[in-house]
Amino acid sequence: MTDIYTFVTGPLAWVAFGIFIIGSVYRLVSMYALAKAKDGSSLAYMSWFYGLRSILAWMVPFKSKGWQSDPLATVTTFVFHIAFLLVAVFLNAHVVLWDTAFGISIPSLPTYLGDIISILAIVCCAIFAYRRLTLPHVKGITRNQDWFALILVVLPFITGVLAYHQVGSVLVMTTLHVIFAELLIALIPFTRLSHALFILFTRAYMGSEFGGVRHANDW
Amino acid sequence: MSTIADRIVPDVGLEAGIAGLTTERIQEVVNQTLKGETGAKLKAYKETCMRCGLCSQGCHFYMSHDQDPSYSPVSKATETMYELIDKKGKVTPERIYQMAQIAFTECNLCKRCAHYCPVGIDIAYIMTMVRRICYLLDVVPQYIRDTAHSHSSTMNQMWIKDDEWIDSLQWQEDEARDEFPDLRIPLDKEGADVYYSVIGPEPKFRTQLIYQAAAIMNAAGIDWTMPSHPGWDNSDMCMYVGDFENMGRIKRAHYESAQKLRVKRIVMGECGHAFRSIYDMGNRWLGYKEMPVPVIHAIEFYWDLIQEGKIKITHKYEKPVTIQDPCNVIRGRGLMDKLRDVVHFLCEEVVEMTPNREHNYCCCAGGGVINCGPPFKNTRMEGNRVKADQLRNTGVKDIVIPCHNCHGGIEDIIGYYDLGMHGKFIGDIIYELMEKPEL
C-alpha cells in the first residue's frame, strides 16, 4: 500500500500535472488559432481595458443582474471557488507538499480552518447538485457532462476530509484523495471544468463588445 | 413545463421548407456551416456554459410564461445549436422546424440575458447562427422571408419602386409646404452635412414621420439631403433571416449611396435594428471595423440640436410620459443618457419604468420577430406579459419609443393587455411642440 502511495504522490503526480499543463496549453493555443482563422470580426474588438473591467465587475458579488437574480447560486459560486483555491494552495498538508516537492514555502491555513473550508466546499457542491436536481430551469439543461464535472470536483474534498478525520484507513483514504485530485487536475482542460481556462476570454470578449462597441455595461 | 413540440405554430414558410429536407441534407448543411462559418467563439460558448440557468431571468419570454424553463436562453441554445453540434447535424426535418420556430420567433436577439451570464455567453449570437443554418436549409417563416426577398430585389424592405420612393418624398414636401412655406426635401444634394435615412416602412405607411423630420430639419436650418436612389433604406431584415450575403449587399448600397453624395454624416430615423446593422453586423460582414461613413441615430441627432439650441419649442409636453429603452440603441449603443436628456428637455414629467436603461425588457417585436407576421403575433403577446406589467405600473398614458420595432410591438401589447396607452416617437413630440410659422 505504501508503494502505491509513493507511486501516486510521485510519478503519477508528475503525469497529472504534465497532462494539465500540456493539455491546457494545447487547448488555449488551438482555440486561439481557431479564433484567428474564423473569428476575425470578433477578435478585432478585443480590448484590454473593457475586458478587464468586465472581469473585475463580475468578481464583485451581487453587482451584476445575474448575481442579483439568484442569491443562493451567487453565494455558493463565490464561496465554492474561494474555498477551492484556498484549500488547494494553502491547506497545511498541501503547504508541506509544496515545500517537500518544490522547496516553496508559503503560509498555511490553521488546521481547523482548513477543515471547515473543505466541508464548506462539499456543502457548496451539494447545493450545486440540489440545483441540478430540483430547479426546473437547471434540471432541464443538465447533461451527464455536468454531473461528471461536479463529481470530479467533489471527490477530492470528500476523501480529503475523511482522511483528515481518520475515517477508514488513513493511508487508503489519503491515497484515494491524491488519485482523485490528480484525476481532477488532469481532466480540467478536457471537461466542463475547462471553463477555468476559457472564462477569462469569454468574459473579456463580452466586456469588450459591450464597452467598446455597444457603449453599455455588461453587468 | 412545456416543450417546443407542444406549441408548434403553422407557418407556410417553415412547412414548405422542411417538406424538401432529408436528414442527410440537414447534416451536410449544418456541418458545412459550423465548419465554415463558426469558430472559437461558438466552441468556447458551448463548452464554457456551465448550465447554471442564471440567464433564465434575463428573458422576457421566460418571465412572461411563469418561468417555464423551455423559454430560458440556455434552454433555447441547448435545444438548437448545442443539439446540432452534439448530433453533428443528424436531426429530422421536424426537429429543424422546431429549432427554426425557437430561433426566429422565441428570441428577440435583444441580449438582455448577457447581463445575467457570469461566463459571458452571447445567446443572441448563437440564435443568429441557428437562423443562419435554417436560412441555408430554406426553413424560414414566410413573412420575414418575403421581407428579405424584397430587400434583395429592390434594396428596400417594402417592395417600394424607385419612382414611388421619390413620389412619397415629393408628396410629403408638397404637403409640408402648406404649413412651412420654405420647406424643401432636397434630393441628392452633394456635400450636404446630413444624409437623412429612413426604413422602408416610413414611406410605405408611416409617411408622416418623413414630414415631421423635414419640418424639424427645416426649422433647425440643417443642410440636409435624402437620396433619390436605392440605398436610402437603412433597414435590414436579411440580417435577421440569416441571409448574410444580402445583408452585406444592402449595407454596402446604403453606405455607398452616402459616399456617392459625399455627405458628412448619415442621420438615421428612430429605428433600432437598422442601427444594429450599421455598427454591429452589416459592417462586420463587409469587413468594416468602424462605420465607413459616420452614422448617428435620431436620438443623438436631436440631442445635438438641443445642445446647439436649434430646437425651439413653445412649451413642454404636459402629460407624464415613460421611456422605452430599445435594445439596439441602448443596450446596443449606450444612448440611454442622451435619450433621457432629450425627453426631459421636451416633457414636463418622466416616470421611469423598472427595470430601465440597459436592463429594460425587450418589446418582443425586435430581432425580426414582428416581421414573422400574423402567425406569430400570439407568441409575441403571450411572450411579453412582463412588458405589459412594466408599462401598467408606470401609471402614465404616453410612452416615448424611439424605435420602429418597439413601436409596433408595444402598440400590439397595449391593445392585447388593454393598457389604454399610446406610443410616441421623439419626432412626434418635437413636431407637436415646435414653433411653427403663423399662417
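Reader: Which residue is the bridge partner of S197(B) in β3(B)?

Author: Happy to start there, and please keep in mind that this is a predicted model. Strand β1 (residues 194–197) of chain B and strand β3 (residues 265–268) of chain B run parallel and are joined by four bridges. Further along this pairing, Y196(B) stands opposite V267(B). For S197(B), the partner in β3(B) is M268(B).

Reader: And which residue in β4(B) does I266(B) stand opposite?

Author: Here we look at the pairing of β3(B) with strand β4 (residues 295–297) of chain B, which is parallel and has three bridges. Between these two strands sits helix α14 (residues 273–285) of chain B, and the three elements make a right-handed β-α-β unit. Opposite I266(B) in β4(B) stands V295(B).

Reader: Which strands of chain B stand at the edges of the sheet?

Author: The open sheet has four strands with parallel pairing, in the order β2-β1-β3-β4 (chain B). A strand at the edge has a single partner strand, so one side of it is left without a neighbour in the sheet. In chain B, the strands in that position are β2 (224–225) and β4.

Reader: Why can helix α11 (residues 208–220) of chain B be called largely enclosed by the rest of the structure?

Author: Let's begin with its geometry: at 1.5 Å a residue, its 13 residues should span 18 Å, and the end C-alpha atoms are 18 Å apart, which agrees. Its buried residues include L209(B), Y211(B), Q212(B) and M217(B). Just after the helix, G221(B) takes a positive phi of about 70°. The helix counts as largely enclosed because the buried residues number 10 of the 13.

Reader: What is the relative accessible area of D418(B), the residue that follows α19(B)?

Author: Helix α19 (residues 404–416) of chain B reaches 18 Å from its first C-alpha to its last, close to the 18 Å expected, and its buried residues include H404(B), C406(B) and I413(B). D418(B) lies in the loop between α19 and β7 (422–424) of chain B, with a positive phi of about 55° although it is not a glycine. Exposed means over 50%, and D418(B) is exposed with a relative accessible area of 69%.

Reader: Is L109(B) buried or exposed?

Author: L109(B) is found in the loop between α6 (93–105) and α7 (123–136) of chain B. Its phi is positive, about 55°, although it is not a glycine. The cut-off for the lower class is under 20% relative accessible area. At 2% relative accessibility, L109(B) therefore counts as buried.

Reader: What is the omega of the cis peptide bond that joins T354(B) and P355(B)?

Author: That's a nice one to check in your viewer. P355(B) lies in the loop between α16 (336–346) and α17 (377–382) of chain B. The cis bond from T354(B) to P355(B) has an omega of about -10°.

Reader: Turning to chain A, how much accessible area do M1(A), I4(A), V172(A) and L176(A) have together?

Author: Chain A has 12 helices and zero strands, and 43% of its 219 residues count as buried. V172(A) is in helix α11 (residues 170–187) of chain A, and at 34% relative accessibility it counts as partly exposed. With M1(A), I4(A) and L176(A), V172(A) forms a nonpolar patch on the surface, and their accessible area together is about 310 Å².

Methods
Residues are numbered from 1 along each chain as its sequence is written. Chains are lettered from A and ligands numbered from 1 in the order in which they are written. This is a predicted model: local features need pLDDT of at least 70, side-chain atom pairs count only at pLDDT 80 or more; totals for chains, interfaces and linings use all residues. Side-chain values use heavy atoms; hydrogens and water are left out. Two strands pair if DSSP finds at least two bridges between them. A crossover is right-handed if, with the strands pointing away from the viewer, the path from the first strand over the helix to the second runs clockwise. The expected span of a helix is 1.5 Å times one less than its number of residues. Buried means under 20% relative accessible area, exposed over 50%, partly exposed in between (1.4 Å probe, protein chains only). Patches are made of residues with over 30% relative accessible area and no salt bridge: like charges are joined within 9 Å, nonpolar side chains (Val, Leu, Ile, Met, Phe, Trp, Tyr) within 5 Å. Accessible areas come from the Shrake-Rupley method with a 1.4 Å probe; for residues, only the protein chains shown count as cover. A salt bridge is a side-chain nitrogen of Lys or Arg within 4 Å of a carboxyl oxygen of Asp or Glu.
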